[in-house]
Each structure stands twice: as C-alpha cells, then as structure tokens.
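These are a colleague's comments on the model shown below, set out as numbered points. Please read them with the coordinates open.

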Amino acid sequence: MTKMIISLVALLLSPEIQFPGGAATALMVLRWIHFVAGIAWVGLLYFFTLVNVPFVQELDAKSRGIVVPKLMSRALWWFRWSAVVTVLAGMSYWMHIVATDVRNAVAVGEPASAGMMFGTFFGLWTLAFVIEMGALMSPAEALRKGPVLGAIVGITVAAAAYIFLSLNQHGWESNRALAIGIGGGLGWFMLLNVWGVVWRMQKKMIRWTEANASQGTPMPSEAPKVARIALLCTRLNFWLSFPMLFFMGAASHYILFAGR
C-alpha cells in the first residue's frame, strides 16, 4: 500500500513545468491577448453577418425600434474595441518578429532594415481602404452593387498583397513576417472599415431608429443608402476574414514564402 501511495505521488509530481521569463513571457501574453480579442471581434462579425442581419430584417418597425438601439449599441461597443485590441496586439507582436529578422540578418553581415516592411504595410493597406471608400462614397450607384464592389476590393487587396511581397523579399524576411504582413494587413484594412465606415453608419441608423420608435420621427431619405453601406462593409469584412485567418495561421504552420 505504501509503495502504491509513493508511486502515485511520484506520478503526480513527475511533470516538469517551466515558465520562461522576460521577453518570452511578455510575447506570449501579447499573443494570448491578440487571440482572445480576435475571437471576440471575428465572432461578433460572424454574428452580425449570419444571424443579426437576417433577424432584424424580419422585425416590424416597432420591434426594430426596441431591439436595434439596445442590441447594436452594446454589440458594436465590443465589436469596435475588440478590433482595436486585436490589431494593436497583433501589430506589436509582428513588429517584434520583423525586428528579430533584421537583427539575425545584420548579425551575419546581410543588409536589412525594417523601414520598407513597415512603410509598405501601412501605406499599401491604408491605400486599399481609401480605394474602397472612394467606391462606397461615389455618386455612382453601380459601384455599390455587391458583385462590383466585391470585385474592386478583391482586386485591390490582391494587388496590395502582391506589391507588399514584391517589395519585401530580399532573403532575410521570414515566412512569419511576410505571412503576417498580409494577414495583418487585411486585419488593418478591416479595422479601418469598422471605425471608418461601419461604426459611423451604424451610429446614424441607431439614432434614427430610436427617434422613429420613440418620437415617430420619419427615417431620413438617406437611411437606405447608409444602411446599405454598413451592410456592404460588414459583408466585405466577413469574406476578408477567411484569407486573413489563413495567412495568420500560415505564419508558423505553412511555409509559403521564400526566406528564413
């Protein structure tokens, strides 16, 4: 019996666990925050696209006036701030990866600088958003048709990814840096959509819906256009989340790009 107890105690004490200190722990915490916030952001995006939009369309005007202001105000708070935390934590982690690639290259005598990668990341993906905004806000209604806007955005982000790779493959850049440069770039583009378009449009729709329900104020004539723009951006983010998640996963688990 004694031997059995000793064996059991030895078994329970056998795992060896070590918590790395310093930078390794800080980076793991940063990555964990990125994951948790990303789950909240993408989860709410899928909820809006797959559940909420069809549900709200089935409500009558009175029910919509009750549900929309309460539900959307709360959901959009979590949606937009989880997007901020996701992107900021992810970019911090990515910048550490790029800086490490630069140090490793310099250590063996190769010329390397993070300036081009950081500059092309923010420049190209922000420009992609500007092009999308131009199409959304254009007086040409044809540009706001789903297939047309989808084609414009698809070509734009594909071009941004291609140019980013063309300018950042000198041999010292790791697969992680390049894959996250694309996946994270899509995330940056989606964040700009959230704050630059979806939230701005939804604030108006919430305010108008609430006034319509409580005071009988008619919905403005621009309401259908505003609702359409918010819906289009939400759907674009929904579809872009798939390549974004692919490239984020490929960073460590699927070697796509030549380099270290």
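1. Leu45 counts as buried, since its relative accessibility is 1% (buried means under 20% relative accessible area, exposed over 50%, and partly exposed in between, with a 1.4 Å probe and protein chains only). The residue lies in helix H2, which covers residues 23-57; helices here are DSSP runs of H or I with at least four residues, strands are E runs with at least two, and both are numbered from the N terminus. Leaving out residues up to four places away in sequence, Leu45 touches Phe79, Met190, Thr234, Asn237, Phe238 and Ser241, where contact means heavy atoms within 4.5 Å. Leu45 and Thr25 are 20 residues apart in sequence, and their C-alpha atoms are 30 Å apart in space.

2. A word on the basis of these values: the model is predicted, so that local features need pLDDT of at least 70 and side-chain atom pairs count only at pLDDT 80 or more, while totals for chains, interfaces and linings use all residues. Residues are numbered from 1 along each chain as its sequence is written, and side-chain values use heavy atoms, with hydrogens and water left out.

3. Ala250 lies in helix H7 and is likewise classed as buried, at 1% relative accessibility. Apart from neighbours within four places in sequence, Ala250 is in contact with Asn175, Ala179 and Leu256. The C-alpha atoms of Ala250 and Ile180 are separated by 8.3 Å, although these positions lie 70 residues apart along the chain when counted as a sequence separation.

4. Helix H7 (residues 223-253) also packs against helix H5 (residues 146-167), at an angle of about 45° and with the axes 11 Å apart; axes are lines fitted to C-alpha atoms, for helices over the stretch in contact, and angles run from 0 to 180 degrees between N-to-C directions. That angle makes H5 oblique to H7, because angles under 35 degrees count as roughly parallel, over 145 as roughly antiparallel, 65 to 115 as roughly perpendicular and the rest as oblique. In this contact Gly146, Leu149, Gly150, Val153 and Val157 of H5 meet Arg228, Leu232, Leu236 and Leu240 of H7. By class, the residues of the contact are 6 nonpolar, 2 polar and 1 charged, where Ala, Val, Leu, Ile, Met, Phe, Trp, Tyr, Cys and Pro count as nonpolar, Asp, Glu, Lys and Arg as charged, and the others, Gly among them, as polar.

5. Thr156 is also placed in H5, and at 15% relative accessibility this residue counts as buried. Outside the residues up to four places away in sequence, Thr156 touches Ala128 and Ile131.

6. For helix H3 (residues 61-107) and helix H4 (residues 115-137), the axes come within 11 Å and cross at roughly 150°, so the two helices are roughly antiparallel to each other. Met91, Trp94, Met95 and Val98 in H3 meet Met117, Phe118, Phe121 and Phe122 in H4, and the residues of this contact divide into 8 nonpolar, no polar and no charged.

7. Finally, how many salt bridges does the structure hold? There is 1, a salt bridge being a side-chain nitrogen of Lys or Arg within 4 Å of a carboxyl oxygen of Asp or Glu. The partners are the side chains of Arg144 and Glu141, at 2.9 Å from N to O. Arg144 is buried, with a relative accessible area of 4%, whereas Glu141 is exposed, with a relative accessible area of 53%.
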